[in-house]
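Let us walk through this structure step by step, beginning with the chain as a whole and ending with one sheet and the helices beside it.

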Amino acid sequence: MTTTARLFFFLPGLLSLLTVSGAGCGCDSDDAGSAGARGGATVRLLNVSYDTTRELYEEVNAAFALAWRAKTGQRVEVRRSHGGSSKQARAVIDGLEADVVTLALAYDIDAIARAGLLATDWRTRLPHGSVPYTSTTVFVVRRGNPKAIRDWPDLARPGVVVVTPNPKTSGGGRWNYLAAWGAARGANGDGEAAAREMVAAIYRNAPVLDSGARGSTTTFAERGVGDVLLACESEAWLLAREVGADRFEIIAPPRSILAEPPVAVVDEYAKRHGTEAVARAYLEFLYSDDGQRIAAKHHYRPRSKEAEAAHPGGFPDIERFTVDDQFGGWAAAQRLHFGEGGTFDRITQGER
Amino acid sequence: MTRLTPTPATRCGVATGDRPWARRGLIGLAAAVVSLFLALPLAFVFVAALRPGFGAFWAAISHPDTTAAIRLTLLVAAITVPINTVFGVAAAWLIARFEFRGRQALLTLIDLPFAVSPVVAGLMLVLLFGRQGWLGPWLLDHGVRVVFALPGIILATIFVTFPFVAREVLTVMQAQGSAEEEAALTLGASGWQTFVRVTLPKARWGLIYGIILCNARAMGEFGAVSVISGHVRGETSTMPLQVENLYNDYHAPAAFAVASLLAVLALLTLAVRKTIEWRARSP
Amino acid sequence: MPARRVLPGFAPTMALTGFAVGVVVVLPLAGLVLQTLSLDGPAFWNAATSPRALASYRLTFGASLVAAALNVALGLLVAWVLARYRFPGRALMDALVDLPFALPTAVAGLTLTALYSGDGWVGRFIEPLGLPVAFTRAGVTLALTFVGFPFVVRAVQPVIEDLDPRMEEAAAVLGASPGQTFARVVFPAILPALVTGFTLAFARAVGEYGSVVFISGNMPGKTEITPFLIVTRLEEYDTAGAAALGTVMLGVSFALLLGINMLQRWGDRRGAGRR
């Protein structure tokens, strides 16, 4: 046999050697969390989060690790997974063993609770209904705002190209949709028909519906699609900072939604991993001064007034309405608007 | 299904009746197609990866989450490829050398992963092994996690790369017949000796080619693994998933850096294929 | 194949193959079928034939057909050139043909998107001409053409190499134009291989996911392919709906495989008849 041939017979063996030595220093990378809270060993937490919190939790995780080490002497490593909120909830239900979930909307954590992985009263366990920070939907437009977009009705004008994620899979997409609906209904006072008309027109103007909010941001910023991006405040600021303030402007509409992304410990998995205490401490850290400050730094509106005041430039004044007030809660909103054959399906199929 | 085994170019085709202008035109057109459609994307991967400079490239490659993804990808390939190699050779021997009932059905089942969408493959595994699946709860009770963990990723990869080795070796074995094996057996060699001394060397080019195709696909699989992995950084994200993670993190250059490693893998695969073709032609 | 059992190894290879096929292929298939059976008839029908599902089938199969047809044209050209001519760079061209087999689909999708979006290397030239590719059906077709490119070339190339040039010479001597020679002599000989290549490229395109998600806008009813809709259904907690669509795709895969096997037998018969 020739040398090349021999080499390729040995290749699999070589590879396995490489990876075995690699896996050795990877510290049992295949069973995170199971190490549990045993003595001096590193504890692992898995935080399954939604799409636009990537930068927030990168910083929170590092800060929490320091704080926890200082307090208990124990090393903690928080791993993260990001994606559309509903997709992430589905993964947790199907067996992605998250110790904590930090999702875009309560409906998704309710779904996890319905699957029996945490108690249905999870909202009552942490302050402010388990929502450590809030946000709202704002507009990002190209420099100089060439299409003169100021308020929701401007998005429905013919010729304006809107970028927003798919409300069926993205929590942010649902916040944006409900923000438009609620703003249209409230502002004009002429009720459901007008709201439906306007939202349908907005989605007619949306050529791309990415499955997650981050996908939409990329579509708008890097691929140059669209005149206006609907994004939560944090994402809009991030875009301005990461991609360049000289290319985009943030427009705050007069009215928008009060987006409340909740957090919870997934009891079942945390129990299995023996990480309940540290998981709870991790979420409580979000309410601490440090946690609130980090949230504000990433342009999530913190609960603490000091942290909010410390935010450079401050948060613009936007009249914000809640899902409970306008839509009678998430279960009703989900059924009416986003379920199979719901309003969203009808308005997008009507225009085909 | 397809015969991917390189066919030795037979004769130096002299296309008669071809006018020089037609010949030149056709070559030019084909070259344009191949360079615009295939070479340009390949070149772009490297340009985009190295545009921010080598330092940034290195920083992207050596990020802990990325090195974990590289390790995971190598580990998955190192487990998947040997399993599919052993299975592939056994299946090829079985199908090429024996006539039995259900042979055609077996062949169809082996081919099926070629035709099934990777997403459907991932879906099937979630339905079977997920926490709400048919086998998942029982396995979880016994402490076995499949979905969103290494076993699931490996199962998905084995599924999508299942036919490669079997098909390549089968094509070679069918073409060669079994006269030499029978001779060896008549001369007193044991079955295993015959297999190692006669069959394997004869089928080696098909085998190697099957292995590198299987390896390339195993390292590059996206759809099936994406459905079943959970995208946990540093843990269940393979290299292709890490490309997607980084791209969505606004680290497009870093995404292209990882993509360029996968493109190098593709280039190596092509180079090995060419080498095999060349060796097979001059035995 | 002769039914000789003088060769050893039937029992162990049968056991191993049976076990592997059982665990890797049959078991997951059973999972999908069981899940689908747990739906009642009307529920399955609704999930599989919702307007959005129908639109996704139209795009998936339509774009795959167009991509496979494009591959027949491009693949025939490249196969012909590779088989018939010797020129500098031929080996390189031959190697590059297999690139879509070797390049991970996610890399292909990422790269094609970057190249063809409005400010990409290619997009900036064709988008002003009113030909947007990224995030349109054209983009989906482009990605599917890319992943299926090698199939036609690799199916047709050996057949062209095996053609006896004397047939063409004879036709030319008898006064046929190059076009007539191609249509009457060459084309019938390579037709089975062309059809096989077409079907393989089509089968590959129908199931493709990785490269398409990047370049398609994933707009329901417009640029949403069926595999993406399956993922969306899963993400909407609609496991049954995902399973229904998966079953439809699986049925199509089976039909395609059957077709490919029959085509290959047809090709072999014709090839044998010729020799």
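In this predicted model, contacts in chain A between residues at least 6 apart in sequence join, in 72% of cases, residues that are at least 24 apart. Chain A has 352 residues, of which 51% count as buried, and its secondary structure comes to 17 helices and 12 strands.

Among these elements, we can turn to one sheet. Four strands of chain A form an open sheet in the order β2-β1-β3-β10, and their pairing is mixed. The edges are held by β2 (76–82) and β10 (263–265) of chain A, and because each of them has a single partner strand, one side of each is left without a neighbour in the sheet. Direction ignored, neighbouring strands of this sheet are turned against each other by 20 degrees on average.

Strands of a sheet pair through backbone hydrogen bonds, and they may do so in a parallel or an antiparallel manner. In chain A, strand β3 (residues 100–102) pairs with β10(A) in the antiparallel sense, over three bridges, and here Val101(A) stands opposite Ala264(A), which belongs to β10(A).

Helices also pack on this sheet. Helix α2 of chain A, which spans residues 54–72, touches β1 (43–49) and β2 of the same chain, and its direction makes about 165 degrees with that of β2(A). Helix α3 of chain A, spanning residues 85–93, likewise packs on the sheet, where it touches β1, β2 and β3 of chain A, while its direction makes about 135 degrees with that of β1(A).

Key. Residues are numbered from 1 along each chain as its sequence is written. Chains are lettered from A and ligands numbered from 1 in the order in which they are written. This is a predicted model: local features need pLDDT of at least 70, side-chain atom pairs count only at pLDDT 80 or more; totals for chains, interfaces and linings use all residues. Two strands pair if DSSP finds at least two bridges between them. Helices (H or I, at least four residues) and strands (E, at least two) are DSSP runs, numbered from the N terminus. Axes are lines fitted to C-alpha atoms, for helices over the stretch in contact, and angles run from 0 to 180 degrees between N-to-C directions. Two residues are in contact if their C-beta atoms, placed from the backbone, lie within 7 Å. A residue is buried if 20 or more other C-beta atoms lie within 10 Å of its own, exposed if 12 or fewer, and partly exposed in between; C-beta atoms are placed from the backbone.
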